[in-house]
Amino acid sequence: MDHPSAHAAGHGAHAEGQQHPIKLYLWIWLLLFVFSAFSYMVDYFQLQGALRWTLIIVFMLIKASFIVAIFMHMAWERLALKLAILVPPLTLLILIGLMAIEGDYTFLTRLASFVK
């Protein structure tokens, strides 16, 4: 008899979920707006070359991190879930980087053989 009431009480506490203050969401929204403005300023000041692309990618990654951490609630998830979501894309990025290095090596080797 005691089991169903304890079971129902457990479900009630679990179904309620976490509540985060609206101030946190507004603060992150403001930060996203600021970093979007920084990204716009890269184009406004007509930066070129590696600096331009580095800044654009850095601002993009910062904004994506805020969105995933706060709005998708990853900041409050268990480590196992974080690793299950974050490790595969990071592994792909590393493999893509290695392929780019290999591709440059192959291209430069072929170019050197044609120049001779």
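**Group meeting: a four-helix model**

So, let's start in the middle of the thing: among what covers the buried residues of α2 is α3, residues 49-71. And it goes the other way too, since the buried residues of α3 pack against α2. Quick caveat before I go on: this is a predicted model.

Okay, who's actually in that packing? On the α2 side, the buried residues are Y25, I28, L32, F35, S39 and V42. On the α3 side we've got R52, F59 and I70 as buried. Yes, R52 is in that list, and so is S39 over in α2.

Now the geometry of these two. α2 runs over residues 22-44, so that's 23 residues, and its end C-alphas are 33 Å apart, close to the 33 Å you'd expect at 1.5 Å a residue. For α3, the 23 residues should also give 33 Å at that rise, and because the end C-alpha atoms sit 33 Å apart, the two numbers agree. After each of them comes a residue with positive phi: α2 is followed by Q46, near 55 degrees, and α3 by H73, near 60 degrees.

Keep H73 in mind, because H20 is next, and is H20 buried or exposed? Its relative accessibility is 18%, and the cut-off for buried is under 20%, so H20 counts as buried. H20 sits in the loop between α1, residues 2-16, and α2. Leaving out residues up to four places away in sequence, H20 touches Y25, H73 and W76. So there's our Y25 again, one of the buried residues of α2, and H73, the one that follows α3.

Let me zoom out. The chain has four helices and zero strands, and along the sequence you just read α-α-α-α. What share of the 116 residues counts as buried? It's 9%. The accessible surface comes to about 9,800 Å², with 74% of that belonging to carbon and sulfur atoms. On contacts, if you take those with a separation of 6 or more, 59% are between residues 24 or more positions apart.

Last stop, the surface. There's a nonpolar patch made of L81, I85, L86, L90, L92, L93, I94, L95, I96, L98, M99 and I101, and together they have about 1,200 Å² of accessible area. Take L93 from that list: it lies in helix α4, residues 79-115. L93 has 57% relative accessibility, so it counts as exposed.

That's my tour, over to you.

Note on methods. Residues numbered from 1 in each chain as written. Predicted model: local features only at pLDDT ≥ 70, side-chain atom pairs only at ≥ 80, totals over all residues. Heavy atoms only, no water. Expected span 1.5 Å × (residues − 1). Buried < 20%, exposed > 50% of the residue type's maximum accessible area, 1.4 Å probe, protein only. Contact = heavy atoms within 4.5 Å. Patch = residues over 30% accessible without salt bridge, like charges linked within 9 Å, V, L, I, M, F, W, Y side chains within 5 Å. Areas by Shrake-Rupley, 256 points an atom, 1.4 Å probe, with all protein chains shown as cover. Salt bridge = Lys/Arg side-chain N within 4 Å of Asp/Glu carboxyl O.
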